[in-house]
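Visitor: Please show the model first. I should then like to put some questions about it, with the criteria stated as each term arises.

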Amino acid sequence: MTKNNKLFGKRTLAFLTALMLFATCQSGFAAASEESMLKPVQVFDIQAGKVVKTLDNDKQYQAFAGAWLKSVSGLAPQLQPEEKCGYVYRIPLAKPAVVKYQNLQLQIEDVFMFYCPDKQPVLLVFDMNRRPFLFQFKADIKPFLKKVGIPS
């Protein structure tokens with residue numbers, strides 16, 4: 001078992017594999033706005049098991065993701081996919097970004113934020129080799145949730 005696999009159980013890896021499919025799925029994408037030409041922001045309802053909202057990606061979403069990445073405060077505890085609460089928000093980045101934490105330096109192209117009302121949100125990122133990393137962060141997500149409108 002590799003070091004990365006030790007961080008995640010088999011169920012978690014299966015869940016993350018499903019999310020990777022969500023990340024690469026092109027069907028159902030709305031046309032990108034002329035201004036940004038970015039892949040859209042998506043909201044995945046964990047209980048429903050599907051994308052429930054697709055939004056045009058813009059500079060404000062890019063700023064939200066950038067603030068989250070800059071406020072990374074540590075590796076997150078193991079994600080438990082059987083806790084079927086909340087949403088996963090995907091923000092494709094306009095250009096690859098670098099996440100730095102201690103000895104880790106990861107180049108990423110998408111940011112996934114897990115939101116459960118009774119827990120601290122966590123970020124999921126995939127490095128260029130598609131290895132998953134979960135991070136705790138300190139940025140305020142209320143303006144983002146208000147803009148997205150889910151949860152209402």
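**Salt bridges, sheet and cores**

Visitor: How many salt bridges are counted?

Guide: This is a predicted model, in which local features need pLDDT of at least 70 and side-chain atom pairs count only at pLDDT 80 or more, while totals for chains, interfaces and linings use all residues. Residues are numbered from 1 along each chain as its sequence is written, and side-chain values use heavy atoms, with hydrogens and water left out. A salt bridge requires a side-chain nitrogen of Lys or Arg within 4 Å of a carboxyl oxygen of Asp or Glu. By this rule the count is 3.

Visitor: How many residues apart in sequence are the parts that aspartate 58 and lysine 147 tie together?

Guide: The two side chains meet in a salt bridge, at 2.7 Å from N to O. Aspartate 58 sits in the loop between β2 (50-55) and α3, whereas lysine 147 belongs to helix α4, so the pair ties together parts of the chain separated in sequence by 89 residues. Helices (H or I, at least four residues) and strands (E, at least two) are DSSP runs numbered from the N terminus. The separation asked for is thus 89 residues.

Visitor: Are aspartate 58 and lysine 147 buried, partly exposed or exposed?

Guide: Buried means under 20% relative accessible area and exposed over 50%, with partly exposed in between (1.4 Å probe, protein chains only). Aspartate 58 has a relative accessible area of 22%, and lysine 147 has 28%. The class for aspartate 58 and for lysine 147 is partly exposed.

Visitor: Which strands hold the residues of the salt bridge between arginine 90 and aspartate 110?

Guide: The closest N and O atoms of arginine 90 and aspartate 110 are 3.1 Å apart. This pair links distant parts of the chain, 20 residues apart, with arginine 90 in strand β4 and aspartate 110 in strand β5.

Visitor: What relative accessible area does arginine 90 have?

Guide: Its partner, aspartate 110, counts as buried at 11% relative accessibility. Arginine 90 is buried too, and its relative accessible area is 1%.

Visitor: Which residues does aspartate 110 touch, leaving aside those up to four places away in sequence?

Guide: The side chains of aspartate 110 and arginine 90 are also joined by a polar contact of 3.1 Å. A polar contact is a pair of N or O atoms within 3.5 Å; within protein, one must be able to donate a hydrogen and the other to accept it, and residues adjacent in sequence count only if both atoms are side-chain atoms. Contact in general means heavy atoms within 4.5 Å. On that basis aspartate 110 touches Arg90, Ile91, Pro92, Leu93, Leu124 and Val125.

Visitor: Which residue forms a salt bridge with arginine 131?

Guide: Arginine 131 is partly exposed, with a relative accessible area of 37%. Its partner counts as buried at 6% relative accessibility. With the closest N and O atoms 2.5 Å apart, that partner is aspartate 127.

Visitor: Which strands stand at the edges of the sheet?

Guide: Two strands pair if DSSP finds at least two bridges between them. On this criterion 7 strands form an open antiparallel sheet in the order β2-β1-β4-β5-β6-β7-β3. Two strands have a single partner each, so one side of each is left without a neighbour in the sheet: these are β2 and β3 (72-75).

Visitor: How many bridges pair β4 and β5?

Guide: These strands form a hairpin with 2 residues between them, and glutamine 102 in the turn has a positive phi of about 50°. One of the bridge pairs sets isoleucine 91 against valine 111 in β5. The pairing of β4 and β5 is antiparallel, and its bridges number 11.

Visitor: At about what angle does α3 run to β4?

Guide: Axes are lines fitted to C-alpha atoms, for helices over the stretch in contact, and angles run from 0 to 180 degrees between N-to-C directions. α3 lies across β1, β2, β3, β4, β5, β6 and β7, and its angle to β4 is about 60°.

Visitor: Which residues touch the most other members of the largest nonpolar core?

Guide: A nonpolar core is a set of buried Ala, Val, Leu, Ile, Met, Phe, Trp, Tyr and Cys residues joined through side-chain atoms within 4.5 Å. Methionine 113 stands opposite leucine 123 in β6, and tyrosine 89 in β4 is the bridge partner of valine 43. Among the 29 residues of the largest core, those touching the most other members are Trp68, Tyr89, Met113, Leu123 and Phe144.
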